[in-house]
Amino acid sequence: MGTVYEKTATSPVNIAVIKYWGKRDTSLILPTNSSLSVTLSQDYLHSKTTIRASPDFEKTRLWLNGVEDTDIEKNKRLQNCFRETRRLRKEYEEKLCKDKGADNVIPLSEYNLHICSENNFPTAAGLASSASGFACLTYTLSQLFELPISATELSKIARQGSGSACRSLFGGFVAWEMGSQDDGSDSQAVQVAPQDHWPELEALICVVSDTKKGTSSTEGMQNTVNTSTLLQHRIEHVVPLRMKSMIKAIHERDYQKFAEITMQDSNQFHAVCLDTFPPIFYLNDVSRAIIRVITEYNSSNPERKLKAAYTFDAGPNAVIYTTSENIPEIINLIAKYFPSNENTSDYFSDPFQLFVGKTIGEQPLPLGFNDQIIPVFPKGSVKQILHTKVGEGPKVIAGEFDGLLNKQGWPKRLK
């Protein structure tokens, strides 16, 4: 077997603390407002993609979570990423030809591709699967094609696949600058602070639903743009100030301001969804109950300080940002009011060994907490609690057995 032109990479999920919702240009995916997110560790949430280029492949093919997408030619967002990365590769090949001669350059830009991608978390359930997926696709293509391009420049390509994907090309804290140019040349992601900037900040993800959401983000946000007057106020008056305040809070590691803005922006995002006609409902009864628990937790502590910040993307799953010292109390609260089914090891896998010898959900409540704030929900209302931290950006996986394609260039796992 000759040289194999293949790369495998993983990319993280990012969860916004200032939300992106609405496009001013749907083809280039240019947002109506800037946004800011936290990149989460890839230990529990990541997309993994293997891409192989070969002159022997009859056509470019894509498999997602073991199922082939047979209509990739009609997928404009996917084709955007292919077109732009191939164009850059072609330019790079032309430069190499001048420097080294055509005989020494592999025309990867002309080869068909076999692409296999998997998420290790539910797809289309409101956990930013499209963001990590398109970031991973774009990053893996850039590595396969050996593109001499910065992460910010690459983010402009990933953005054309899925808007939030541009933020998953960085670790740490990331801003998506909306830009002002009609061609999207200044709509890009930049890192606000690196992964290790705020080591005390951690996250809990409460998986309320792992099924596909009823209203897709693409459909929902454009309905909002067309019908919500509240969105226009948010775009013009609210987000610009919040972006400045949030960046300052991150730089200064000011958790009180960070938590306040995070919850306020989540609330307004879902208010905008309700202001859409017809209204969009991403939160459910469990989501709203989690908000009540976190609100009581914040208001009942003796210092009256914010100790936890909830945020919800376009789905019912809660992400709770807090500092490491508060993690055990919050996990215990969630487990008390939203108990697990019988298999507790699947409910909460503890990488940091916080509850050795203890039973989560049965520890004493925080001092002053009103235990009647909500009733205990049926078992399994929260399917899983994931404990994670701020994480790194995309990375190449070099292990021989880590790729998703077999020696012949076909998926190892099919459904």
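## A walk through the model, from a small loop to a buried helix

Start at Asn-65, which is found in the loop between β7 (61-64) and β8 (67-69). Keep in mind that you are looking at a predicted model. Check the backbone here: Asn-65 has a positive phi of about 50°, although it is not a glycine. Most residues other than glycine have a negative phi.

**Next, select Arg-253.** This residue sits in the loop between α5 (229-251) and α6. Arg-253, also not a glycine, has a positive phi of about 50°. Is Arg-253 buried, partly exposed or exposed? It is partly exposed, because its relative accessible area is 43%, and the partly exposed range runs between 20% and 50%.

**Now go to Pro-278.** You'll find Pro-278 in the loop between α6 and α7. Show the backbone and look at the peptide bond from Phe-277 to Pro-278: that bond is cis, with omega near -5°. Most peptide bonds are trans.

**Carry on into α7.** Begin with Asn-284, which caps the N-terminal end of α7. One of the side-chain oxygens of Asn-284 lies 3.1 Å from the backbone nitrogen of Val-286. Then select residues 285-300 to light up the helix itself. Want a quick sanity check on its length? Helix α7 has 16 residues, so at 1.5 Å a residue it should span 22 Å, and its end C-alpha atoms are indeed 22 Å apart.

Colour the buried residues of α7 next; among them are Val-286, Ala-289, Ile-290, Val-293, Ile-294 and Tyr-297. Polar residues are on the buried list too, including Ser-287, Glu-296 and Asn-298. An α-helix has 3.6 residues a turn, so residues three or four places apart point the same way. To see what covers the buried residues of α7, turn on elements including β12 (201-207), α6 (255-275), β13 (308-312), β14 (318-323) and α8 (327-337).

**Zoom in on Ile-290.** Leaving out residues up to four places away in sequence, Ile-290 touches Cys-206, Val-208, Ala-318, Ile-320, Ile-334, Phe-338 and Val-382. Add Phe-258 and Phe-338 to the selection: together with Ile-290, they touch the most other members of the largest nonpolar core, which has 66 residues. There is also a second, separate core of 43 residues, which includes Trp-21, Tyr-139, Val-174 and Ile-280.

**Turn to the sheet.** Four strands make up an open sheet in the order β13-β14-β12-β15, with antiparallel pairing. β13 and β15 (384-389) stand at the edges with a single partner strand each, so one side of each has no neighbour in the sheet. On average, neighbouring strands of this sheet are turned by 25° against each other, direction ignored. Look closely at β13 and β14: five bridges join them, and Thr-311 stands opposite Val-319 in β14. Now bring back α6, which packs on the sheet and touches β12, β13 and β14. The direction of α6 makes about 25° with that of β13.

**Last stop: Ser-35.** Select β5 (residues 35-39), the strand that holds Ser-35. Ser-35 is buried because its relative accessible area is 0%, and buried means under 20%. What does the side chain of Ser-35 make a polar contact with? Its partner is the side chain of Arg-167, at 2.7 Å. Beyond residues up to four places away in sequence, the residues that Ser-35 touches include Ile-18, Tyr-20, Val-174, Trp-176 and Met-243. Lys-19 is another contact of Ser-35; these two are 16 residues apart in sequence but 5.4 Å apart in space, C-alpha to C-alpha.

Notes. Residues are numbered from 1 along each chain as its sequence is written. This is a predicted model: local features need pLDDT of at least 70, side-chain atom pairs count only at pLDDT 80 or more; totals for chains, interfaces and linings use all residues. Side-chain values use heavy atoms; hydrogens and water are left out. Helices (H or I, at least four residues) and strands (E, at least two) are DSSP runs, numbered from the N terminus. The expected span of a helix is 1.5 Å times one less than its number of residues. Buried means under 20% relative accessible area, exposed over 50%, partly exposed in between (1.4 Å probe, protein chains only). Contact means heavy atoms within 4.5 Å. A polar contact is a pair of N or O atoms within 3.5 Å; within protein, one must be able to donate a hydrogen and the other to accept it, and residues adjacent in sequence count only if both atoms are side-chain atoms. A nonpolar core is a set of buried Ala, Val, Leu, Ile, Met, Phe, Trp, Tyr and Cys residues joined through side-chain atoms within 4.5 Å. Two strands pair if DSSP finds at least two bridges between them. Axes are lines fitted to C-alpha atoms, for helices over the stretch in contact, and angles run from 0 to 180 degrees between N-to-C directions.
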